[in-house]
Amino acid sequence: MNKIKTEIIIVLYHPTEEDITHIKELAETVEGVVVDNSDKPSVSGHQIGKMTYFSNGANLGIAEAQNIGLHHILENSDATHVVFLDQDSRVPVDFPQQMADAFQRIASKRRLAILGPRIIHKESQEVYKSVIHHDTVTDDGWFIRRRDVISSGSCISREALDHVGFMDSSLFIDAVDYDWCWRAEAMGYECGITPHVTIRHQVGKKEFHIGKYLVIISAPFRYYYQYRNYFWLLRRKYVPLQWKIATGVKYTARFIYFPLLVKGGRDCWKHMCRGIKDGIKVIK
């Protein structure tokens, strides 16, 4: 077995001082790349501890920022695995190695492309669960197969990147991680999470429940990319039919009730309309 070497990629967008402080603490021990999509540099220089710092001077999207980090790592180091973190991810310094070790353990038995941690809501401490998909843990208790894995805290292998390719920059921000997983699955890989490593995270800005369904409220501009990208992804053969149908139902419902029930929903609705318009007229 080859020696595991892990580096991390953190994408910034107008980070807080607390975000920067935590990243500096990680960078004392962990190697990797920080890619900044803020309008102005968030730190001075081109290095944060052991991590290389890139300032894009504009928001190029999470996909392009991740690709910048991936290109740098793959061209300048012998890293075998890459772990993605959000700027507000609060993890111990050994988290990247925990993820890579779990990845290698699981990959010894299956063709694994990406492994995510179990996501814990950082406020309620509850595990994020799908109301549609039910988890099935492998007999050894280490792996739960998922059709798609969110980027935050996930670990990806160099070998999978060489075969599947990088992130789709045209998607900008929404469904970037899902699209990569679906491409990997189409090439015979498996994606999933491990219950043995957890990360505290909050999806979206706000949330509320309608019965047993958790409704996540994102920043208004995100709805442009969600709806535009949905229509783009409808045209891609490798995108699961179940996702196309389920997401179509969910997005149709949101389009109707957001302006009526959600605070600031009319602003979100306007972004949805723009996204639908551009998603339909632009062939991808």
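Visitor: What share of the contacts in the protein with a separation of 6 or more comes from residues 24 or more positions apart?

Guide: That share is 69%. Keep in mind that you are looking at a predicted model. The protein has 8 helices and 11 strands, and 49% of its 284 residues are buried.

Visitor: Which residues touch the most other members in the largest nonpolar core?

Guide: A nonpolar core is a set of buried nonpolar residues joined through their side chains. Here the largest one has 31 residues, and Ile8, Ile10, Val34, Leu85, Phe95 and Leu115 touch the most other members. Several elements each supply at least two residues, among them strand E1 (6–12), helix H1 (17–27), strand E5 (81–86) and strand E9 (190–201). Helix H3 gives the most, with 6 residues.

Visitor: Where is the other core, or rather, which residues does it include?

Guide: Val35, Val164, Val176 and Cys191 are included in this second, separate core of 28 residues.

Visitor: Back to Phe95. What does phenylalanine 95 touch?

Guide: To read a contact list, it helps to skip residues up to four places away in sequence, as is done here. Phenylalanine 95 then touches Val83, Leu85, Pro117, Gly153, Val197, Thr198 and Ile199.

Visitor: Is isoleucine 20 buried or exposed?

Guide: Buried means under 20% relative accessible area. Isoleucine 20 has 8%, so it is buried. You'll find isoleucine 20 in helix H1. Leaving aside neighbours within four places in sequence, isoleucine 20 is in contact with Leu12, Pro15, Ser42 and Val43. You can also look at isoleucine 48, which is 28 residues apart from isoleucine 20 along the chain, with 9.6 Å between their C-alpha atoms.

Visitor: What about a charged residue? Where is aspartate 148 found?

Guide: Look at the loop between strand E7 (144–145) and strand E8 (155–157). With a relative accessibility of 13%, aspartate 148 counts as buried.

Visitor: Which side chains does a polar contact join to aspartate 148?

Guide: A polar contact is a pair of N or O atoms within 3.5 Å. One such contact, of 3.1 Å, links the side chains of aspartate 148 and arginine 147. Another, of 3.2 Å, links the side chains of aspartate 148 and tryptophan 182. Setting aside residues up to four places away in sequence, aspartate 148 touches Tyr178, Cys181 and Trp182.

Visitor: And asparagine 229: buried or exposed?

Guide: Asparagine 229 counts as buried, at 1% relative accessibility. This residue lies in helix H6 (residues 222–234). A polar atom of the asparagine 229 side chain lies 2.8 Å from the backbone oxygen of leucine 171. Apart from neighbours within four places in sequence, asparagine 229 is in contact with Leu171 and Asp174.

Visitor: Let's turn to empty space. How many residues line the second largest pocket?

Guide: Rolling a probe the size of a water molecule over the atoms shows where empty space is left. In this structure, 14 residues line the second largest pocket, and His81, Phe103, Gln104, Ser157 and Glu159 lie nearest its centre. Helix H3 (95–107) and helix H4 (158–164) are the elements that give two or more residues to the lining. H3 has the largest share, 3 residues. The volume of this pocket is about 230 Å³.

Visitor: How many residues of that lining are nonpolar, polar and charged?

Guide: The lining of the second largest pocket divides into 4 nonpolar, 5 polar and 5 charged residues. As you look around, you'll meet H3 twice: it gives the most to the largest nonpolar core, and it has the largest share of this pocket's lining.

Note on methods:
Residues are numbered from 1 along each chain as its sequence is written. This is a predicted model: local features need pLDDT of at least 70, side-chain atom pairs count only at pLDDT 80 or more; totals for chains, interfaces and linings use all residues. Side-chain values use heavy atoms; hydrogens and water are left out. On a 1 Å grid over the protein atoms alone, a cavity is a set of points where a 1.4 Å probe fits but cannot get out, and a pocket is an open set with protein on both sides within 12 Å along at least five of seven lines; lining residues have an atom within 4 Å of a point. Grid points are joined across faces, edges and corners, and a volume is the space filled by probe spheres set on the points. Helices (H or I, at least four residues) and strands (E, at least two) are DSSP runs, numbered from the N terminus. Ala, Val, Leu, Ile, Met, Phe, Trp, Tyr, Cys and Pro count as nonpolar, Asp, Glu, Lys and Arg as charged, and the others, Gly among them, as polar. A nonpolar core is a set of buried Ala, Val, Leu, Ile, Met, Phe, Trp, Tyr and Cys residues joined through side-chain atoms within 4.5 Å. Buried means under 20% relative accessible area, exposed over 50%, partly exposed in between (1.4 Å probe, protein chains only). Contact means heavy atoms within 4.5 Å. A polar contact is a pair of N or O atoms within 3.5 Å; within protein, one must be able to donate a hydrogen and the other to accept it, and residues adjacent in sequence count only if both atoms are side-chain atoms.
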